Amino acid sequence: MGQQAESAGTRAKRRLGVMGGTFDPIHHGHLVAASEVASAFHLDEVVFVPTGQPWQKSDRQVTPAEDRYLMTVIATAENPQFSVSRIDIDREGLTYTVDTLRDLRALHPDAELFFITGADALAQIISWRDSDELFELAHFIGCTRPGHTLSDAGLPVGGVSLVEVPALAISSTDCRNRVAKGEPVWYLVPDGVVRYIHKRALYAPAQP
Ligand SMILES: Nc1ncnc2c1ncn2[C@@H]1O[C@H](COP(=O)(O)OP(=O)(O)OP(=O)(O)O)[C@@H](O)[C@H]1O
Ligand SMILES: O=C(O)c1ccc[n+]([C@@H]2O[C@H](COP(=O)([O-])O)[C@@H](O)[C@H]2O)c1
């Protein structure tokens, strides 16, 4: 029966979530948002895509991509629905989501793409490169995030869904600042990520 349906071309499209981020470091806010969206939108998989060179974060030194990639692998390893892609890290030049989605489209021609963002990122999308094309390549899902208003105002009708996720007032900025001050990040980021941060001495204050 399954085989017949497949050969008749009636098989449902694979639903692939895309969670893009700098992940410097990845924290439970990212993981909960991805998990909630996967459940609410019946996604088959969520691929986490750490940025290569995020052009809107050029005001600060971003941690090397390999460290951010490895922390993302560690954080997602136990969830069979989660995977990590190197496409943005391995592409030369600045990272633009339009390239991410074009590449994922080419890699997964039969999948429907769902790009997941927090409310803060969603509010900036109009400033992203080739923003019109973004909505042809994927459906966008904006998640609530404490301190930010979730809105689809000005975005293409039907191109965006808004979803409420458990409020976790966690940011990578706060995690970095805590480590720099010697404060704990246990339970804000996965345990393996805490250990990786300490092993690699990430976010430590610069020595005088
Ligand atoms: N606590 C959170 N709840 C919901 N969404 C979040 C949360 N933290 C981050 N996101 C979303 O995850 C994506 C990747 O975020 P990013 O890696 O920039 O983390 P960040 O915590 O915002 O980092 P930073 O503090 O360095 O700006 C963005 O779409 C962002 O809106
Ligand atoms: O394409 C763009 O112009 C663009 C500008 C800013 C952010 N993004 C993407 O938005 C996601 C979250 O980015 P950030 O900077 O909040 O970590 C990540 O996948 C970025 O590549 C994309």
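Guide: Helices are DSSP runs of H or I with at least four residues, strands are runs of E with at least two, and both are numbered from the N terminus. The model shown is predicted.

Visitor: Where is Ala201 placed?

Guide: Ala201 is not a glycine, yet its phi is positive, at about 50°. Its place in the chain is the segment after H9.

Visitor: Is Ala201 buried or exposed?

Guide: A residue is exposed if 12 or fewer other C-beta atoms lie within 10 Å of its own. Ala201 has 8 C-beta neighbours inside 10 Å, so the residue counts as exposed.

Visitor: Phe23 has a positive phi too; is Phe23 buried or exposed?

Guide: Phe23 has a phi of about 50° although it is not a glycine, and lies in the loop between S1 and H2. The cut-off for a buried residue is 20 or more other C-beta atoms within 10 Å. Phe23 has 24 such neighbours, and therefore it counts as buried.

Visitor: Which peptide bond is cis, with omega near 5°?

Guide: The bond leads into Pro25, a residue found in the loop between strand S1 (14–21) and H2. The bond in question runs from Asp24 to Pro25.

Visitor: How are H3 and H9 oriented to each other, roughly parallel or roughly antiparallel?

Guide: Helix H3 covers residues 65–76 and helix H9 residues 191–199, and their axes lie 8 Å apart at an angle of about 155°. Angles over 145 degrees count as roughly antiparallel. H3 and H9 are therefore roughly antiparallel.

Visitor: Which residues of H9 make the contact with H3?

Guide: H3 passes H9 in a right-handed crossing. On the H3 side the contact is made by Leu70, Met71, Ile74 and Ala75. By class, the residues of the contact are six nonpolar, one polar and no charged. The H9 side consists of Gly192, Val193 and Tyr196.

Visitor: Which element gives the largest share of the shell around ligand 1?

Guide: At least two residues of the shell come from each of helix H2 (28–40), strand S4 (111–118), helix H6 (119–122) and helix H8 (172–180). The largest share is three residues, and the element that supplies them is H2.

Visitor: Which residues come nearest to ligand 1?

Guide: There are 18 residues around ligand 1. By class, this shell has six nonpolar, nine polar and three charged residues. Those that come nearest are Gly21, Gly29, Gly118, Ser172 and Thr173.

Key: Residues are numbered from 1 along each chain as its sequence is written. Chains are lettered from A and ligands numbered from 1 in the order in which they are written. This is a predicted model: local features need pLDDT of at least 70, side-chain atom pairs count only at pLDDT 80 or more; totals for chains, interfaces and linings use all residues. Axes are lines fitted to C-alpha atoms, for helices over the stretch in contact, and angles run from 0 to 180 degrees between N-to-C directions. Angles under 35 degrees count as roughly parallel, over 145 as roughly antiparallel, 65 to 115 as roughly perpendicular and the rest as oblique. A crossing is left-handed if the near helix is turned anticlockwise from the far one by less than a right angle, and right-handed if clockwise. Two residues are in contact if their C-beta atoms, placed from the backbone, lie within 7 Å. Ala, Val, Leu, Ile, Met, Phe, Trp, Tyr, Cys and Pro count as nonpolar, Asp, Glu, Lys and Arg as charged, and the others, Gly among them, as polar. A residue is near a molecule or strand if its C-beta atom, placed from the backbone, lies within 6 Å of it.
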